[in-house]
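Biologist: Could you take a close look at the charged pairs here for me? I would love a friendly walk through them, and then a glimpse of the nonpolar part behind them.

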Amino acid sequence: MTYNAFEQYKQNTVLTATPEELTLMLYEGAIKFINIGKICIQNGEIQKAHEAIIRAQDIIIELISSLDMKYEISKNLKNLYDFMMNRLVDANISKSSQPLDEVLGLMTELRDTWKEAIKKVKKSRYHK
């Protein structure tokens with residue numbers, strides 16, 4: 001029963017989130033699955049590592065699909081996401097943590113920057 005309540009809460013959180021909050025959730029999810037992939041590689045759990053890396057790739061595909069390509073920043077983000085996808089593929093093929101560390105660093109930086117941007121937007125909305 002508790003599990004169902006938690007799943008309902010999570011679903012409601014996603015359904016009521018702003019586009020900005022959804023992007024933040026995607027970043028957080030990618031970070032989570034990259035970390036899971038790293039742990040699984042270290043523990044020799046190859047199939048679980050593969051599944052976690054694929055989940056991170058799926059999230060990056062979603063981030064790419066959400067870009068509005070009429071803006072220059074979107075083109076830059078697309079290039080960065082493409083690079084991260086390639087590094088995740090490399091990690092999955094080689095079962096090496098090193099490419100995951102690279103992507104984790106980039107994804108963490110994007111997440112932190114996005115968090116700050118959300119804070120500034122909220123602050124500017126409330127101080128008008």
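Modeller: Happy to, and please keep in mind that this is a predicted model. Let me begin inside one helix: Lys-119 and Glu-116 form a salt bridge, with N and O 3.4 Å apart. Both residues belong to helix H5 and sit three residues apart, about one turn of the helix. Glu-116 has a relative accessible area of 39%, so Glu-116 counts as partly exposed. Elsewhere, Arg-87, Asp-90 and Glu-102 are joined into one network by salt bridges that share partners.

As background, side chains of opposite charge can pair when their charged atoms come close. In this model the count comes to ten salt bridges.

Another of them pairs Lys-115 with Glu-28, whose closest N and O atoms are 3.9 Å apart. Lys-115 lies in helix H5 (residues 97–126) and Glu-28 in helix H2 (residues 19–42), so this salt bridge ties together parts that are 87 residues apart in sequence. The cut-off matters for this pair: a salt bridge needs the nitrogen within 4 Å of a carboxyl oxygen, and the N and O atoms here are 3.9 Å apart. Both partners are partly exposed, Lys-115 at 33% relative accessibility and Glu-28 at 34%.

Next comes Asp-101 with Lys-38, a salt bridge with an N to O distance of 2.6 Å. This pair also links distant parts of the chain, as Asp-101 is in helix H5 and Lys-38 in helix H2, 63 residues apart. Asp-101 is partly exposed at 37% relative accessibility. Lys-38, in contrast, has a relative accessible area of 18%; buried means under 20%, so Lys-38 counts as buried.

Now for the nonpolar part. In soluble globular proteins, nonpolar side chains tend to be buried together. The largest nonpolar core here has 25 residues, and those touching the most other members are Ile-34, Ile-60, Tyr-81, Met-84, Leu-88, Leu-100 and Met-107. At least two residues of this core come from each of H2, helix H3 (46–65), helix H4 (72–94) and H5. H2 gives the largest share, seven residues.

Ile-34 is a good place to zoom in. Leaving aside neighbours within four places in sequence, Ile-34 is in contact with Ala-56, Leu-88, Leu-100, Val-103 and Leu-104. Two of these partners, Leu-88 and Leu-100, are themselves among the residues that touch the most other core members.

To bring the threads together, H2 and H5 are linked by the salt bridge between Lys-115 and Glu-28, and each supplies at least two residues of the core.

Conventions:
Residues are numbered from 1 along each chain as its sequence is written. This is a predicted model: local features need pLDDT of at least 70, side-chain atom pairs count only at pLDDT 80 or more; totals for chains, interfaces and linings use all residues. Side-chain values use heavy atoms; hydrogens and water are left out. A salt bridge is a side-chain nitrogen of Lys or Arg within 4 Å of a carboxyl oxygen of Asp or Glu. Helices (H or I, at least four residues) and strands (E, at least two) are DSSP runs, numbered from the N terminus. Buried means under 20% relative accessible area, exposed over 50%, partly exposed in between (1.4 Å probe, protein chains only). A nonpolar core is a set of buried Ala, Val, Leu, Ile, Met, Phe, Trp, Tyr and Cys residues joined through side-chain atoms within 4.5 Å. Contact means heavy atoms within 4.5 Å.
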